[in-house]
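Please open the model in your viewer and set the side chains to be shown as sticks. The tour below moves from one selection to the next and says what is found at each stop.

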Amino acid sequence: MRNDHDAEDVVQEAFLRAYRFFPSFRGGDARAWLLTIVRNACWTWLRANRAREVATALEDADEPADVAASVEEDLVRRADGARLRRALDELPGEFREVIVLRELEE
């Protein structure tokens with residue numbers, strides 16, 4: 001959500017939804033059920049409040065250049081990073097979420 005206030009709002013909304021729909025819970029893994037509600041609340045909030053920004057974007061900060069790297073290597077590294085950011089931005093939100101969580105957040 002990028003800031004604590006928005007995250008708190010989404011969690012509060014998710015717990016209200018869970019409370020409201022608890023009678024429809026059929027057993028099983030309660031944690032997975034609740035996390036699905038939180039995820040859906042996040043997507044709903046993002047669609048409503050950040051129409052142009054569906055999921056977390058990478059920070060715009062460039063990586064510091066290696067002191068021993070040549071100018072050409074530095075330019076190639078920056079170009080690759082920019083292409084990667086553009087490619088991630090072009091992915092649908094669901095796919096971008098998977099890539100960011102797996103590859104960047106481990």
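Select Glu 13, which in this predicted model is partly exposed, with a relative accessible area of 30%. Now add Arg 17 to the selection: the two residues form a salt bridge, and their closest N and O atoms are 3.3 Å apart. Both belong to helix 1 (residues 4-21), and because they are 4 residues apart there, about one helical turn separates them.

Side chains of opposite charge can pair when their charged atoms come close. With that in mind, how many salt bridges does the structure hold? There are 3, and the next two stops show the others.

For the second stop, select Glu 97 together with Arg 39, whose side chains meet in a salt bridge with an N to O distance of 2.9 Å. Glu 97 lies in helix 4 (residues 93-104) whereas Arg 39 lies in helix 2 (residues 30-49), so this pair ties together parts that are 58 residues apart in sequence. If you colour by accessibility, Glu 97 counts as partly exposed at 22%, and Arg 39 likewise counts as partly exposed, at 35%.

For the last stop, move to helix 3 (residues 71-90) and select Arg 83 and Asp 80, which are 3 residues apart in that helix and therefore separated by about one helical turn. Their side chains meet in a salt bridge, at 2.7 Å from N to O. Is Asp 80 buried, partly exposed or exposed? Asp 80 is partly exposed, its relative accessible area being 36%.

Notes: Residues are numbered from 1 along each chain as its sequence is written. This is a predicted model: local features need pLDDT of at least 70, side-chain atom pairs count only at pLDDT 80 or more; totals for chains, interfaces and linings use all residues. Side-chain values use heavy atoms; hydrogens and water are left out. A salt bridge is a side-chain nitrogen of Lys or Arg within 4 Å of a carboxyl oxygen of Asp or Glu. Helices (H or I, at least four residues) and strands (E, at least two) are DSSP runs, numbered from the N terminus. Buried means under 20% relative accessible area, exposed over 50%, partly exposed in between (1.4 Å probe, protein chains only).
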